[in-house]
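Please open the model in your viewer and keep the sequence panel beside it. The tour goes from the whole chain to single residues, with a selection to make at each stop.

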Amino acid sequence: MTGSSRVLLTSLLASLLITGSLPAAEHRNVVLFVVDAQGFQAGCYGNKVIRTPAIDSLAANGTRFTRGHCTTASCSACRSVLMTGLYNHAIGHYGHAHSYNHFSTFESVPTLPVLMAEAGYRTCSIGKYHLAPRATYLFQEYRNKGVQGNRNAVRMARNAREWIAEDDTKPFFLYFPLCPPHSPIVPAPDFVGKSGLPGKEGKYADWVYQGDHMLGELLEALERTDQAKNTLVIATGDNGAAKRPYPPLREAKSSIYEGGHREPFVARWPGQIKPGTVNHQTICCLLYTSDAADERSSVDLGGRRII
């Protein structure tokens, strides 16, 4: 992919998917896969130790961005931006939605799941929601049976496979945020030792591998249902790795330095994205939905529209 990626990033969930510029039959499915507190701990980002075959495959068949950033080096606040395309100060969601913090988004803010539903998509969230209020970030379905919050990634993948395979003529939007590699580091029994590394580092690598395996499960489900060619898959994160600096970046999650807000961003879109490309342009998670939100609401996003 070349310089046109600037347009792609702001249009892939807006002009082509939400604003109705394509006939309904041409609308693409969208899978948004979000890892929790993972930086560049992936083979396609130069890690020679940790095994991540699924995201590596996604990068080989799509494009990998080397300068992806979140707006906030912490979970809930960044996810609110990912789902709105607006900075935190514009939506009121400055920090965690849980515990004593209770931050939440203004009810008037348009969000991606609502916009997608209005455009005729069936929408589903599976896993770590971490947003508030629910009415603002409303998905049509929540397939979280047996997922233990977001800890049981294996069950999450099973629920997603079943939902993807359902007979429905509508295009779909699947939001799949999982726990790995956030602490506690508790790989499932089937994944213990899969990394081939010993000790504490091996346990962490197993946990990362488990999360990556869930991405592989989704990609396989798309292939099995013959929907891969018509599905945009985005794999990204919410912030940098926790307590794991990754040179040459400084610091880690919760820091204002790059280790806190640099994150993986890989996208595959058959027929639209040239396979095996690497893009060094600086991108930010608020771009994914900003034009979509602006198109459907009276909220002033500020700045200048790109598309």
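How many helices and how many strands does the chain have? Colour this predicted model by secondary structure, and you should be able to follow nine helices and eight strands along the chain.

**The whole chain**

Before selecting anything smaller, display the chain as a surface: it exposes about 13,000 Å², of which carbon and sulfur atoms supply 53%. Of the 307 residues in the chain, 56% are buried. If you draw the contacts between residues at least 6 apart in sequence, 69% of them join residues at least 24 apart.

**The loop after strand 1**

Select next the loop between strand 1 (29–35) and helix 2 (53–60), where Ala37 is placed. Phi of Ala37 is positive, near 60 degrees, in a residue that is not glycine; as background, most residues other than glycine have a negative phi. Is Ala37 buried or exposed? With a relative accessible area of 2%, under the 20% cut-off, Ala37 counts as buried.

Stay in this loop between strand 1 and helix 2 and move to Gln41. A polar atom of the Gln41 side chain lies 2.8 Å from the backbone nitrogen of Gly39. Gln41 is also buried, because its relative accessible area is 6% and the cut-off is 20%. To see what surrounds Gln41, show the residues it touches beyond four places away in sequence, which are Asn47, Ile50, Thr52, Tyr204, Val208, Ala241, Arg244 and Tyr246.

**The cavity**

Now turn on a cavity display, with a lower limit of 30 Å³, at which the count comes to one cavity. The space in this largest cavity is about 80 Å³. Which residues line the largest cavity? Select Phe33, Val35, Gln38, Thr52, Ile55, Val208, Asp212, Leu215, Ala235, Thr236 and Pro264 to show the lining. Strand 1, helix 7 and strand 6 are the elements that each give two or more residues to this lining, and helix 7 gives the most, with three residues. Coloured by class, the lining of the largest cavity has seven nonpolar, three polar and one charged residues. Two of the lining residues, Thr52 and Val208, also appear among the residues that Gln41 touches.

**Two cis peptide bonds**

Go on to the loop between strand 3 (122–125) and strand 4 (141–142), and centre the view on Pro133. The peptide bond from Ala132 to Pro133 is cis, with omega near -5 degrees. Then select the loop between strand 5 (172–177) and helix 7 (199–224), in which Pro184 is found. Here a cis peptide bond joins Ser183 and Pro184, with omega at about 0 degrees. For context, most peptide bonds are trans.

**The loop after helix 7**

For the last selection, follow helix 7 into the loop that leads to strand 6 (231–237), and pick Asp226. What is the phi of Asp226 near? The value is near 60 degrees, a positive phi in a residue other than glycine. Is Asp226 buried or exposed? Its relative accessibility is 54%, over the 50% cut-off, and therefore Asp226 counts as exposed. Set the two positive-phi residues side by side to finish: Ala37 is buried, whereas Asp226 is exposed.

How values were computed:
Residues are numbered from 1 along each chain as its sequence is written. This is a predicted model: local features need pLDDT of at least 70, side-chain atom pairs count only at pLDDT 80 or more; totals for chains, interfaces and linings use all residues. Side-chain values use heavy atoms; hydrogens and water are left out. Helices (H or I, at least four residues) and strands (E, at least two) are DSSP runs, numbered from the N terminus. Buried means under 20% relative accessible area, exposed over 50%, partly exposed in between (1.4 Å probe, protein chains only). On a 1 Å grid over the protein atoms alone, a cavity is a set of points where a 1.4 Å probe fits but cannot get out, and a pocket is an open set with protein on both sides within 12 Å along at least five of seven lines; lining residues have an atom within 4 Å of a point. Grid points are joined across faces, edges and corners, and a volume is the space filled by probe spheres set on the points. Ala, Val, Leu, Ile, Met, Phe, Trp, Tyr, Cys and Pro count as nonpolar, Asp, Glu, Lys and Arg as charged, and the others, Gly among them, as polar. Contact means heavy atoms within 4.5 Å. Accessible areas come from the Shrake-Rupley method with a 1.4 Å probe; for residues, only the protein chains shown count as cover. A polar contact is a pair of N or O atoms within 3.5 Å; within protein, one must be able to donate a hydrogen and the other to accept it, and residues adjacent in sequence count only if both atoms are side-chain atoms.
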